[in-house]
Amino acid sequence: MLKMKFSRLFYILFLMAVLSLPRVSGAASKWKSLADDGIHDPESPAIGILQEPAEALSKLPQDTSGNRVNWVKAIDEGIINPRTNIHPETKVRIWDNDVFLEKTGEMPVVRFPHRAHTLWLDCKNCHEKYFISKNGANPITMMKILQGNYCGRCHGAVAFPLIECLRCHSVPRQKLEQIKAETRKAESLKVQSRK
Ligand code: HEC
Ligand code: HEC
Ligand code: HEC
């Protein structure tokens, strides 16, 4: 029993150590300039004409990791208003609903917010190919996420990185029932469309 607990703790610490490596090295410069981002050719005449990331991104709500922008806040505060559809008949579906994923061992429970995701994505981006739409029906593990499956398809790639453990594991187990009850009360049951 003690041995089991010990090895799980070790696993968690190991995950945190591995995942924090890129953050330590990236922390020095907030936004790399185009000439040294390793993507653009520094000799290109476009350098000096194209807008620098720091100029565009520093005006948006700040975040501590990834590209340092809190994109959910940027939409909520009306600072950006990305176009939702090209064809007028496309239905934009936003769902104010949180799902609790509880198979998290000694870590806090994961709260998955549908609203924040459906501001950016359609239901079909996730259901039924990557996630079965039934709570508890997906055999998700942290290892599979780290290998780029489930949440790891986007987090660590186009959404905040996996080192931010507590942004997903955000519900302490002893508060779970209370938070679930409060969430149910606050949620609107209808799928809305965005104006
Ligand atoms: C970013 C991915 C993603 C998007 C987009 C998404 N979902 Fe989900 N959905 C999930 C995940 C993850 C779960 C939880 C699955 C689990 O518990 O194993 C879930 C669960 C569900 C459930 C089951 C809830 C329950 O309590 O059992 C329903 C129903 C659902 N989604 C419908 C929708 C609808 C409708 C939309 C669009 C308005 C949508 N989803 C958009 C990822 C997504
Ligand atoms: C993008 C969201 C996300 C992030 C970030 C995240 N996790 Fe998870 N984690 C999950 C989900 C989802 C599960 C599976 C829960 C379920 O199926 O009920 C999980 C499961 C786990 C488990 C349970 C055992 C296992 O292996 O699956 C542990 C332990 C864990 N995570 C640790 C961590 C640690 C440590 C970090 C930070 C280094 C972290 N997680 C970051 C979403 C995340
Ligand atoms: C298809 C892509 C995709 C998948 C799959 C996905 N996410 Fe996200 N997630 C996003 C994007 C995009 C954002 C908004 C940008 C950001 O915060 O980095 C986001 C934001 C979030 C947020 C922050 C919400 C806020 O209000 O700031 C949480 C928490 C989160 N995701 C958890 C999860 C968990 C847990 C899973 C897996 C069960 C998951 N996500 C799967 C794309 C995804």
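**View 1. Glutamate 128 sits in the loop between H5 and H6.** The peptide bond leading into glutamate 128 from histidine 127 is cis, with omega near -5°. Most peptide bonds are trans, and most residues other than glycine have a negative phi. Helices here are DSSP runs of H or I with at least four residues, strands are DSSP runs of E with at least two, and both are numbered from the N terminus. This is a predicted model, in which local features need pLDDT of at least 70 and side-chain atom pairs count only at pLDDT 80 or more, while totals for chains, interfaces and linings use all residues. Residues are numbered from 1 along each chain as its sequence is written, and chains are lettered from A and ligands numbered from 1 in the order in which they are written.

**View 2. The whole protein chain has 8 helices and 4 strands.** Read from the N terminus, the elements go α-α-α-β-β-β-α-α-α-α-α-β. Buried residues, meaning those with 20 or more other C-beta atoms within 10 Å of their own (exposed is 12 or fewer, partly exposed is in between, and C-beta atoms are placed from the backbone), make up 6% of the 195 residues. Two residues are in contact if their C-beta atoms, placed from the backbone, lie within 7 Å. Take the contacts between residues at least 6 apart in sequence: 48% of them join residues at least 24 apart.

**View 3. Model confidence changes along the protein chain.** The score is pLDDT, the predictor's confidence in each residue, from 0 to 100. Its mean over the protein chain is 88, and 88% of the residues reach 70 or more. Among the elements, S3 has the highest mean pLDDT (98) and strand S4 (residues 191-192) the lowest (63). Over residues 24-28, pLDDT stays under 50, and the model has 0 contacts beyond four places in sequence for them.

**View 4. Ligand 1 has 21 residues around it.** A residue is near a molecule or strand if its C-beta atom, placed from the backbone, lies within 6 Å of it. Coming nearest to ligand 1 are Cys123, Cys126, Ser133, Asn135 and Asn138. Two or more residues of this shell come from each of strand S2 (98-101), helix H4 (114-118) and helix H5 (123-126). Sorted by class, the shell holds 10 nonpolar, 9 polar and 2 charged residues. Nonpolar here means Ala, Val, Leu, Ile, Met, Phe, Trp, Tyr, Cys and Pro, charged means Asp, Glu, Lys and Arg, and the others, Gly among them, count as polar.

**View 5. Ligand 2 is surrounded by 25 residues.** The closest of them are Leu101, Lys103, Thr141, Cys165 and Cys168. Helix H1 (2-26), helix H6 (142-146) and helix H7 (165-168) are the elements that give two or more residues to the shell. Which element gives the most to this shell? That's H1, with 4 residues. The class split is 16 nonpolar, 5 polar and 4 charged residues.

**View 6. Around ligand 3 there are 21 residues.** Val72, Ala116, Cys151, Cys154 and Ala159 come nearest to this ligand. At least two shell residues are supplied by each of helix H3 (71-76), S3, H4, H5 and H7. S3 gives the most, with 3 residues. By class, you'll find 16 nonpolar, 3 polar and 2 charged residues in the shell.

**View 7. Arginine 68 and tyrosine 150 each have a positive phi.** Arginine 68, in the loop between helix H2 (53-57) and H3, has a phi of about 65° although it is not a glycine. Arginine 68 counts as partly exposed because it has 17 C-beta neighbours inside 10 Å. Over in the loop between H6 and H7 is tyrosine 150, with phi near 50°. Tyrosine 150 has 19 other C-beta atoms within 10 Å, so it is partly exposed.

**View 8. Glycine 105 lies in the loop between S2 and strand S3 (110-113).** Is glycine 105 buried or exposed? With 12 other C-beta atoms within 10 Å, glycine 105 is exposed. Its C-alpha atom is separated by 10.0 Å from that of leucine 9, and the two residues are 96 apart along the chain.

**View 9. Serine 33 is in the loop between H1 and H2.** Serine 33 is partly exposed, because 14 other C-beta atoms lie within 10 Å. The C-alpha atoms of serine 33 and proline 53 are separated by 6.8 Å, with the residues 20 apart along the chain.
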